[in-house]
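This report walks through selected strands, a helix and one loop residue. Follow along in the structure shown here.

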Amino acid sequence: MFHYLLDAYAVGMNTSHIDIRSANAQHMYHPMIDPKTVAQSPPLILERGEGVYVYDIDGKRYLDTVASLWNVNVGHNRPEVIAAMKAQLDKLAYYSTFQNTSNPPAIELSARLIRMFDPENMRKVFFSSGGSDAIETALKLARQYWKLSGQNSRTQFISLKWGYHGVHFGGASINGNPLFRSAYEPLLPGCHIVENPYTYRNRWNEEDPERLAQLCLQDLKDTIEHIGAEHIAAFVAEPVQGAGGVIVPHANYWPGLRAMLDDYGILLISDEVVTGFGRIGAMCGARAWGVAPDIMAMAKGINSGYVPLGATLVNQRVAQAWMQPGVPAAMMHGYTYSGHALACAAANANLNIVEAEDLPSHALAVGGYMLNRLQELMQYAHVGDVRGKGLMAAIELVVNKNSRDMLLPPSAYIQTLVGTARQEGAIIRVQGNRLILSPPLVFSLGDVDETMRILHTSFAAAEAS
């Protein structure tokens, strides 16, 4: 009977919510949390969404200040995306794209992406199921590129401290935060971490962003020369580090990085999983810094999370390695759902909205307003830093402003902060000691004002606690 009630609820029949509540956190593992914590405090159950809001099973409305997980860029329940998905379901939900079959939405999306990223000289795309897949694909293609180019020794990778590149073994191996690595070690050998341009916290205590960028580039240069450029396949980084705490580099960092990698012949992989499709004010994050990478890993905003999808794009330099006559070059890599017809149909509809509404420009304008208003939070005793670019921002929580010691969960302060925001009608996210904001790219100035009202109320309550 219990299973019947759950099935009935799933198809919209009238059933008691108590059955859903009783099953909450009982059978399902939730990512990025200790199962014991989930069992003690079951998750909020969200039932539907509309625009920048989501609703729980009791009908309470919440402002979604995090776009679920950086990714619902065009907002929830967009009729254009839903209509495209329904139309595709009436034709073909899925068929493999392995070897010699394809489908119209995947072909259309591949052509669209190459057009969108022609300024970066992108020429080919490999579809997958999400960001971790896209990164794994990028790492594999980088290694195969060098093998096809006759430089078999180029197998190693360099990435940034506090960088986040997903959960597969390859991505975890280049993650710059031990939190995402330690439980699964040993990982992929030949992965090296260098200093990142984190102005608020760095080993030199350098607070000048431009000077810090040069120190970080010198650290990279020293690392390359120590390893030997002939052993390095690629450098991997996010244009703005996301999960690491919205770490925004100085404008000189990425151009300097590109020039250095060119000097050593090393590929640049831009992890655009968060920054792709407008979040920091350009169609891709590397473009925001005036740089063209060799490989881009993309997901999240590609279809705003409506159906899982990832994509790895390569430029002309990389693509040509597979086109050498007489050189066997099979890509023995792929996913069951590569080029999934329904996911690609959703992406095409989603990207229609991104382009028609010029969401990158919108994100830049509204994000600038949001960052200015967030400076108001510096009045609170436990706010050490506020930073961001476009519609991604972080508020760094500290024990006190002088020591800059991190204020970490399970602090009562953080529990009160998040709990009060929820009571006031907003979902906010604290990761480590950083409150991260990454709202849908359709956020309005009024939505920012409502977010600030809730944050002021929440910080006041946390300070009082």
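## Strand β2 and its side chains

The model is predicted. Start with strand β2, residues 53-56. Tyr53 and Tyr55 point one way from this strand. Val54 and Asp56 point the other way. Tyr53, Val54, Tyr55 and Asp56 are all buried. The cut-off for that label is under 20% relative accessible area.

## Partners of β2

Strand β1 covers residues 46-50 and is joined to β2 by four bridges. The two run antiparallel. Within this pairing, glycine 49 has valine 54 of β2 as its bridge partner. β1 and β2 form a hairpin, with two residues between them. Glycine 51 sits in the turn and has a positive phi of about 65°.

Strand β3, residues 61-64, also pairs with β2. Three bridges join them, and the strands run antiparallel. Here tyrosine 53 stands opposite leucine 63 of β3. The hairpin of β2 and β3 has four residues between the strands. In that hairpin, glycine 59 takes a positive phi near 90°.

## Serine 304

Now move to the loop between β9 (295-298) and β10 (310-315), the place of serine 304. Is serine 304 buried or exposed? Its relative accessibility is 1%, so serine 304 counts as buried.

What does serine 304 touch, leaving out residues up to four places away in sequence? The contacts are Asn71, Val72, Asn73, Val74 and Asn350. With asparagine 350 there is also a polar contact, side chain to side chain, at 2.5 Å.

## The four-stranded sheet

Further along the chain is an open sheet of four strands. The order is β11-β12-β15-β14, and the pairing is antiparallel. β11 (383-389) and β14 (429-431) stand at the edges. Each has a single partner strand, so one side of each is left without a neighbour in the sheet. From one strand to the next, the twist averages 25°.

The partner of β14 is β15, residues 434-437. Three bridges join these antiparallel strands. One bridge partner pair is arginine 429 with isoleucine 436, the latter in β15.

## The helix across the sheet

Which strands does helix α15 lie across? This helix spans residues 412-424 and lies across β12 (392-397), β14 and β15. Helix α15 runs at about 155° to β14. β14 is also one of the edge strands.

Technical notes:
Residues numbered from 1 in each chain as written. Predicted model: local features only at pLDDT ≥ 70, side-chain atom pairs only at ≥ 80, totals over all residues. Heavy atoms only, no water. Pairing = 2+ DSSP bridges. Axes fitted to C-alpha atoms, helices over the stretch in contact; angles between N-to-C directions. Contact = heavy atoms within 4.5 Å. Buried < 20%, exposed > 50% of the residue type's maximum accessible area, 1.4 Å probe, protein only. Polar contact = N/O pair within 3.5 Å; in protein donor to acceptor, adjacent residues only side chain to side chain.
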